[in-house]
Amino acid sequence: MAFAALSTLVMLPALLAVIGPRINKWSWTKQRTRSVEDGFWHQVATKVMRRPVPFASGVVVVLLVLGGPFLVLGGPFLGISFNLADERALPEDAEAHRVNTTLSRDYTAREMEPVMVVAEGLGDPSARTAEIGDYASALSQLDNVARVDALTGSYAQDRQVGRATKESARYAGEDGTWLSVVPSVGSYSDEGQDVVREVRATKAPFDVTVGGTGPAFRDTMDSLGDRLPYSIALIAVSTFVLLFLLTGSVLVPVKALVLNLLSLTATFGAMVWIFQDGHLRWLVGDFTVTGGIVATTPIMMFCVVFGLSMDYEVFLLSRIKEEYDLTGDNTRSVALGLERTGCIVTAAAVLVATVFLSFAVSGITYMKILGLGMALAVIMDATLVRGVLVPAFMRLAGTWNWWAPGPLASLRRRFGLREGGAATAPAPAASRGDSEAGC
């Protein structure tokens, strides 16, 4: 992104200066002059601002039902479950996928997903076989544990079911040992996570660490949960500050944050309904329904799509603010701002969504989720949010859109972000190009 911005500010102006008027030499479009009021996005904004409450209410209800973050409606997003990518994310004809399916379907013990308990610094493990056996026996009586294999043999239901063999020597090291706790449930299920918690809570006669598929998932979720609030706070604060410096308003940045989060939760809800619950497989391509979403996928979607949404928001708000500074007319400024940026944002949204949709043809499930989810979020932001919610809420807020407390207003006058010089008086309509539509 930094290199893209640098090339846009340095290389692009230089190239345009070299090319000059020849930039349009082979243009296949014909420039048309028409009234700005005839523009599509101007008409959309005008209609929405005539009846802002019905339009905004309808769109908000749709987004809330999909996302369900604020209503007790059982929205899809409220039912989201998480897992990590495994063989089920591969196409069904992939050999690893078929083997995993066979083992899960035909065998009770999850041999391929053991909880591994490692004891380091133990000394010679052969001198502590009694303690190892007692510990393995205690682990074997935990709920949803099929078997525990250790240096001293195999254990199930608090008793030894197999003596130590030559193969048992693999559990011994020069200075430690490890035990394999084989669960009878999936590692990503609630029961599987209970197994991890109970294994870690079981008192051991020596220091142990616990790993494996289930513990890795538990540690991943804990790590994401610990750091996610800081990421969200950083994004929210930096977005608020930059939008405030651009617009001089405290309400507009809050509105932008809320609307973007609303559209994102609706997108996540749609992804849960499709990929977690298994709908529309005929449309997005066949995939294995795992009952969950790869935990890192929504976070990646959030960061990418939120950044793109704010790009569109900056384009739109800068044009609205510019017009408002010239005229002082909030309603007219919103309509003109939407019309002036309409074609640019729409074209950008279509291009970006097309790139993202190309990911959906992948046979890997989480790539489908990323592609379809980000494309849907971009399209939703460019239509429902930009075309309906933004003009509706800015019409309802009126001049309060541009209010800020005195100290913040003074701060913005000194350090604010502005395009060109400050306008001192409204310019004549003709000089502002009002005879030409934005597209």
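This briefing covers the overall form, the internal cavities and five selected sites of one protein chain. The model is predicted. The chain of 439 residues has a radius of gyration of 29 Å, well over the 22 Å from the globule rule, so it is more spread out than a compact globule. It contains 13 helices and 8 strands, and a count of its enclosed spaces gives 3 cavities of 30 Å³ or more.

**Overall form**

- Along the principal axes, the C-alpha atoms fill a box of roughly 95 × 50 × 50 Å.
- Buried residues make up 43% of the 439 in the chain.
- The exposed area of the protein chain is about 23300 Å², and carbon and sulfur atoms supply 63% of that area.
- For contacts between residues at least 6 apart in sequence, 71% join residues at least 24 apart.

**Cavities**

- Rolling a probe the size of a water molecule over the atoms shows where empty space is left.
- The number of cavities of 30 Å³ or more is 3, and the largest cavity holds about 120 Å³ of space.
- The largest cavity is lined by 16 residues, of which Asn-83, Thr-290, Gly-292, Val-294 and Thr-365 are the closest to its centre.
- Strand β8 (293–294) and helix α12 (365–397) each give at least two residues to this lining.
- Helix α12 has the largest share of the lining, with 3 residues.
- By residue class, the lining of the largest cavity splits into 9 nonpolar, 5 polar and 2 charged.

**Phe-268 in helix α8**

- Phe-268 belongs to helix α8, which spans residues 251–276.
- With a relative accessible area of 9%, under the 20% limit, Phe-268 counts as buried.
- Leaving aside residues up to four places away in sequence, Phe-268 touches Phe-77, Pro-298, Met-301 and Phe-302.
- The C-alpha atoms of Phe-268 and Leu-66 are 8.1 Å apart, although 202 residues separate the two in sequence.

**The loop between β4 and β5**

- Gln-157 sits in the loop that joins β4 (153–156) to β5 (159–163), and Asp-158 is found in the loop between β4 and β5 as well.
- Phi of Gln-157 is near 55 degrees, a positive value in a residue other than glycine.
- Asp-158 has a phi near 70 degrees, which is also positive in a residue other than glycine.
- Gln-157 has a relative accessible area of 58% and is therefore exposed, the limit being over 50%.
- Asp-158, at 41% relative accessibility, is partly exposed.

**Thr-165, in the loop after β5**

- Thr-165 lies in the loop between β5 and β6 (176–183).
- The relative accessibility of Thr-165 is 45%, so this residue counts as partly exposed.
- Thr-165 and Thr-152 are 13 residues apart along the chain, and their C-alpha atoms are separated by 8.4 Å.

**Ser-187, in the loop between β6 and α6**

- Ser-187 is placed in the loop between β6 and α6 (190–201).
- Although Ser-187 is in a loop, it counts as buried, at 5% relative accessibility.
- Contacts of Ser-187, not counting residues up to four places away in sequence, are with Glu-113, Gly-192, Gln-193, Thr-213 and Gly-214.
- From Ser-187 to Leu-245 the separation is 58 residues along the chain and 48 Å between C-alpha atoms.

**Arg-412 in helix α13**

- Arg-412 is part of helix α13, which covers residues 406–415.
- At 11% relative accessibility, Arg-412 counts as buried.
- Between Arg-412 and Thr-265 there are 32 Å from C-alpha to C-alpha, and the two are 147 residues apart in sequence.

Definitions and conventions
Residues numbered from 1 in each chain as written. Predicted model: local features only at pLDDT ≥ 70, side-chain atom pairs only at ≥ 80, totals over all residues. Heavy atoms only, no water. 1 Å grid on protein atoms, 1.4 Å probe; cavity = no way out; pocket = protein on both sides within 12 Å on 5 of 7 lines; lining within 4 Å. Points joined across faces, edges and corners; volume = space filled by probe spheres on them. Helix = DSSP H or I, 4+ residues; strand = E, 2+ residues; numbered from the N terminus. Nonpolar A, V, L, I, M, F, W, Y, C, P; charged D, E, K, R; others polar. Rg over C-alpha atoms; globule rule 2.2 N^0.38 Å. Buried < 20%, exposed > 50% of the residue type's maximum accessible area, 1.4 Å probe, protein only. Contact = heavy atoms within 4.5 Å. Areas by Shrake-Rupley, 256 points an atom, 1.4 Å probe, with all protein chains shown as cover.
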